[in-house]
Amino acid sequence: MSKTVRKHGIAAHGRSAHQVRIIGGQWKRTPLPVLDAEGLRPTPDRVRETVFNWLTHLIDGDWEQMSCLDLFAGSGALGFEAASRGAQRVVMVENHTPAVRQLEANKEKLQAAQVEIQRGDALALLQGLSTRATTANGFQLIFADPPYHQNWLAKIMPICEQLLANRGLMYVESEHSLEGDALPDWMAPWEVVRADKAGVVFYHLLRRKNIS
């Protein structure tokens with residue numbers, strides 16, 4: 001997939017020219033370089049602060065028990081934020097070489113041993129993970145911020161359902177709301193726990209219905 005057309009797209013000539021900051025945890029206020037590339041828009045600080053406030057409340061602040069999967073990692077802002085707050089494991093998936101190199105540099109800078117970076121197509125990696133995952137040993141938290149208008153959620157959400165732990169949560173950014181009527185078929189197993197909007201971006205916390 002060409003990253004120049006994805007929401008978090010990164011042109012081949014991208015270079016570090018701006019940054020985001022980790023909001024909370026052991027690396028609070030630490031800047032993370034962001035590649036200067038058309039379409040690269042990391043989850044804004046205000047949105048991340050809101051989402052992580054939601055999450056901290058819902059898990060009673062027990063980040064040490066969290067195993068996280070950060071799909072379409074881009075700058076890694078979501079995954080590094082979770083790691084900063086104490087998540088025991090954060091797997092970042094990114095398909096574009098310059099972005100992967102930046103993620104690896106940030107991991108080294110932070111000495112983030114709990115972060116694993118996997119280069120490859122998100123769908124293919126999800127399918128590989130699903131062959132050995134159960135809801136008993138799955139991820140407690142999955143971040144999905146895919147490119148818009150490419151039907152990614154329809155492709156990945158059924159697999160994410162398999163990879164999520166019994167009472168796990170999933171964060172999803174989308175170009176449309178996942179609440180209300182006339183929802184896509186893939187939303188049938190999911191319920192919205194929290195949701196809000198920032199500009200043209202809708203962001204949500206989901207969990208599976210009928211969880212044990």
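## Aromatic pairs, a mixed sheet and a buried helix

The structure holds five aromatic pairs. One of them is Phe-143 with Tyr-171, an edge-to-face pair with 6.2 Å from centre to centre and 70° between the planes. Keep in mind that this is a predicted model. Below, we start from that ring pair, move out to the sheet and its helices, and finish with a buried glutamine and helix H2.

**The ring pair and its surroundings**

- Phe-143 sits in strand S6 and Tyr-171 in strand S7, so the pair ties together parts that are 28 residues apart in sequence.
- The two also line up in the sheet, with Phe-143 standing opposite Tyr-171 in S7.
- Phe-143 has 0% relative accessibility, so it counts as buried.
- Tyr-171 counts as buried too, because its relative accessibility is 0%.
- Zoom out a little and you get one aromatic cluster, made up of Phe-52, Trp-63, Phe-143 and Tyr-171.
- Another ring has a charge for company: the charged end of Lys-155 sits over the ring of Trp-152, 5.1 Å from its centre.

**The sheet**

- Seven strands make up an open sheet with mixed pairing, in the order S5-S4-S3-S6-S7-S9-S8.
- Strand S5 (115-119) and strand S8 (190-198) are the edge strands, so called because each pairs on one side only.
- From one strand to the next, the twist averages 15°.
- S6 (residues 139-144) and S7 (residues 164-174) run parallel and are joined by five bridges.
- S8 and strand S9 (residues 201-208), by contrast, pair in the antiparallel sense, over eight bridges.
- Within that antiparallel pairing, Arg-194 has Leu-205 in S9 as its bridge partner.
- The hairpin of S8 and S9 has two residues between the strands, and Gly-199 takes a positive phi there, near 65°.

**Helices on the sheet**

- Helix H3 (residues 97-110) lies across strand S4 (89-94) and S5, and runs at about 165° to S5.
- Helix H4 (residues 122-130) packs on the sheet as well, touching strand S3 (67-71), S4, S5 and S6.
- The direction of H4 makes about 150° with that of S3.

**Gln-114, a polar side chain under cover**

- You'll find Gln-114 in the loop between H3 and S5.
- Is Gln-114 buried or exposed? Its relative accessibility is 18%, and the cut-off for buried is under 20%, so Gln-114 counts as buried.
- What lies 3.4 Å from a polar atom of the Gln-114 side chain? That would be the backbone oxygen of Ala-83.
- Setting aside neighbours within four places in sequence, Gln-114 is in contact with Gln-26, Trp-27, Ala-83, Ala-87, Gln-88, Arg-89 and Val-90.

**Helix H2**

- Eight of the eight residues of helix H2 (residues 77-84) are buried, so H2 is largely enclosed by the rest of the structure.
- The buried residues of H2 include Phe-80, Glu-81 and Ser-84.
- Ala-83 is another of the buried residues in H2, and its backbone oxygen is the one that lies 3.4 Å from the Gln-114 side chain's polar atom.
- After H2 comes Gly-86, with a positive phi near 115°.

Technical notes. Residues are numbered from 1 along each chain as its sequence is written. This is a predicted model: local features need pLDDT of at least 70, side-chain atom pairs count only at pLDDT 80 or more; totals for chains, interfaces and linings use all residues. Side-chain values use heavy atoms; hydrogens and water are left out. Helices (H or I, at least four residues) and strands (E, at least two) are DSSP runs, numbered from the N terminus. Axes are lines fitted to C-alpha atoms, for helices over the stretch in contact, and angles run from 0 to 180 degrees between N-to-C directions. Contact means heavy atoms within 4.5 Å. Buried means under 20% relative accessible area, exposed over 50%, partly exposed in between (1.4 Å probe, protein chains only). A polar contact is a pair of N or O atoms within 3.5 Å; within protein, one must be able to donate a hydrogen and the other to accept it, and residues adjacent in sequence count only if both atoms are side-chain atoms. Rings of Phe, Tyr and Trp (its six-membered ring) pair if their centres lie within 6.5 Å; planes under 30 degrees apart count as stacked, over 60 as edge-to-face and the rest as tilted. A charge sits over a ring if NZ of Lys or CZ of Arg is within 6 Å of the ring centre and within 35 degrees of the ring normal.
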